[in-house]
Amino acid sequence: MISVEGLTKRYGDVPAVEDVSFHCAPGTVTGFLGPNGAGKSTTMRMICGLTPPSSGTATVQGVPYGRIANPGRHVGVLLDAAAQHAGRTGRETLALTAMLTGVGRDRAGAMLDLVGLSGRPARRRVAGYSLGMRQRLGIAQALVGDPSVLILDEPANGLDPEGIFWMRGLLRDFADRGGTVLLSSHLLREVEAVADRFVVIAGGRIAARGTKEELLAAPGRTLVRGVDGAALGAALAGAGLRPRPDTGGAFLVEAPAEAVGRAAASAGVVLLELREAGGGGLEELFLSLTASGGRPSGTPVPSPHGLEGASL
Ligand SMILES: Nc1ncnc2c1ncn2[C@@H]1O[C@H](COP(=O)(O)OP(=O)(O)OP(=O)(O)O)[C@@H](O)[C@H]1O
C-alpha cells in the first residue's frame, strides 16, 4: 500500500506539487499520468524520501520510506535509469544490489534472465547500454530484493514496442500476485493497457483519479463548438458556465449538454457540435484534463480512494 496525503513541494515561491493525495492498493497497478513538468517525479521522489516535502506525508506499507529497514526488500524503485554506475557490468550492478539488500547472488542471475539481459549483455559495461537496456537493468534492480511494492518513474521510456509489451506483462503479473505498482508516464497509451486505476496530475495538482470506468462515467461534461467561437465563449460565460477552450475551436463545459445548448440558443449562436465529452474516450479526457495545466474549473476532486459518488 502506498498512501500519499496532502503532499506539497515548493521551490522558493514556485509550487511543484500542491496538496496531492492518493492511495495505491495491493494487487493493483496505478498509472500516474501527467504532461511534462506536471509534478510526477517530484511526487515520487517525496514518496521515496529523496525530496523532503514542504508539507504532507507519504507512507509505503504504513511507514515513511526513510524509516523502512532495508527498503530494497519491500519497495523496488526506479526513478532514473540513467543513474547507474557506467563502469560496472549489468551483472556486477545486480550482484551488488543483491548483496546490499541481503538476498542471494543467484537472485541477480534470475533477474537478468527475467529482463532479457542474461548472456553477453550481462557482461557488458553499463556505459555501452542503450536507454532501453538501462531501463531493463533498472527494473531488474528494483526487483532484486523481491519487494511487494514497485515505484517506477517513466519505465517505458526508451523501450521498444516489444519491450513495452513485455513490461506490461511483468507489472500485471506482479500486481496479480498481490504487489502494489505505481507507474508514471506522460503518455496515456503506455499505461492504459496495464493500469487498474489512474491518478492524473497537471500543474502540480490532482486533476482526476479513479478507474477507467469511473473517469469516463463522470456526468455533465459537454464538448461544444460553434460557427463563431468568440460569440459562443461569451454566451457560455454569460450563462455562468465557465467554458474552457479545447482543440479545434471547441469548448469543454462542466454542465449537461442541454444547459450548454440552451445557453447558445438564447444568445443566438449557431452550433456545429454538441455532445457529452466522455465519448472521446480516455485519451480525450486525459488531454482535456491536462491541457489547461490543472483541474477544470468547478470540478470537485473526490476522496483519495476513488471517484465513487463524485463528478469529474
Ligand atoms: N530541484 C528543483 N528546483 C526547482 N524546480 C524544480 C525542481 N525539481 C522540479 N522542479 C519543477 O517542479 C515541476 C514539476 O517537475 P517534475 O520533474 O516533478 O515533473 P514531471 O511530471 O516528472 O515531468 P516530466 O514528465 O517532464 O519528467 C516543474 O515545473 C519543475 O521545473
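**Sheets and helix packing in the predicted model**

Strand 10 (residues 222-226) and strand 12 (residues 251-253) run antiparallel to each other and are joined over three bridges. Within this pair, Leu223 finds its bridge partner in Leu252 of strand 12. Helix 10 (residues 257-266) sits on the sheet here, with contacts to strand 10, strand 12 and strand 13, and its direction makes about 160° with that of strand 13. Zooming out, the sheet is an open one built from four strands in the order 11-12-10-13, with antiparallel pairing. Strand 11 (244-245) and strand 13 (271-276) take the edges with a single partner strand each, so one side of each has no neighbour in the sheet.

Before going further, a word on confidence. The model is a predicted one. The protein chain averages a pLDDT of 87, with 91% of the residues scoring at least 70. The weak spot to flag is residues 293-312, where the pLDDT is below 50; even so, this stretch makes 44 contacts in the model beyond near neighbours in sequence. For the complex, the predictor reports an ipTM of 0.95 and a pTM of 0.80.

Back to helix 10, which also packs against a helix. Helix 9 (residues 229-238) and helix 10 have their axes 9 Å apart, at an angle of about 115°. That angle falls within the 65 to 115 range, and the two helices are therefore roughly perpendicular to each other. The crossing of helix 9 and helix 10 is right-handed. On the helix 9 side, the contact is made by Leu232, Ala235 and Leu236, which meet Val260, Ala263 and Ala264 of helix 10. The tally for this contact is six nonpolar residues, no polar and no charged.

The other sheet to look at is also open, with six strands in the order 5-6-7-3-8-9 and mixed pairing. Strand 5 (75-78) and strand 9 (205-210) are its edge strands, each paired on one side only. From one strand to the next, the twist averages 15°. Inside the sheet, strand 6 (residues 149-153) and strand 7 (residues 180-185) run parallel and are joined by five bridges. Here Ile151 stands opposite Leu182 of strand 7.

Helices pack on this sheet too. Helix 1 (residues 40-47) lies across strand 3 (29-33), strand 6, strand 7 and strand 8 (197-202), and runs at about 145° to strand 6. Helix 5 also packs on the sheet, where it touches strand 5 and strand 6, and its direction makes about 160° with that of strand 5.

Helix 5 has a helical partner as well. The axes of helix 2 (residues 90-101) and helix 5 (residues 131-143) come within 9 Å and cross at roughly 20°. With angles under 35 degrees counted as roughly parallel, helix 2 and helix 5 therefore belong in that class. Their crossing is right-handed. Gly90, Thr93, Leu94 and Thr97 are the helix 2 residues in the contact, and they meet Leu137, Ala140 and Gln141 of helix 5. This contact divides into three nonpolar residues, four polar and no charged. Set side by side, the helix 9 contact with helix 10 has no polar residues, whereas the helix 2 contact with helix 5 has four.

Technical notes
Residues are numbered from 1 along each chain as its sequence is written. This is a predicted model: local features need pLDDT of at least 70, side-chain atom pairs count only at pLDDT 80 or more; totals for chains, interfaces and linings use all residues. Axes are lines fitted to C-alpha atoms, for helices over the stretch in contact, and angles run from 0 to 180 degrees between N-to-C directions. Angles under 35 degrees count as roughly parallel, over 145 as roughly antiparallel, 65 to 115 as roughly perpendicular and the rest as oblique. A crossing is left-handed if the near helix is turned anticlockwise from the far one by less than a right angle, and right-handed if clockwise. Two residues are in contact if their C-beta atoms, placed from the backbone, lie within 7 Å. Ala, Val, Leu, Ile, Met, Phe, Trp, Tyr, Cys and Pro count as nonpolar, Asp, Glu, Lys and Arg as charged, and the others, Gly among them, as polar. Two strands pair if DSSP finds at least two bridges between them. pLDDT is the predictor's confidence in each residue, from 0 to 100.
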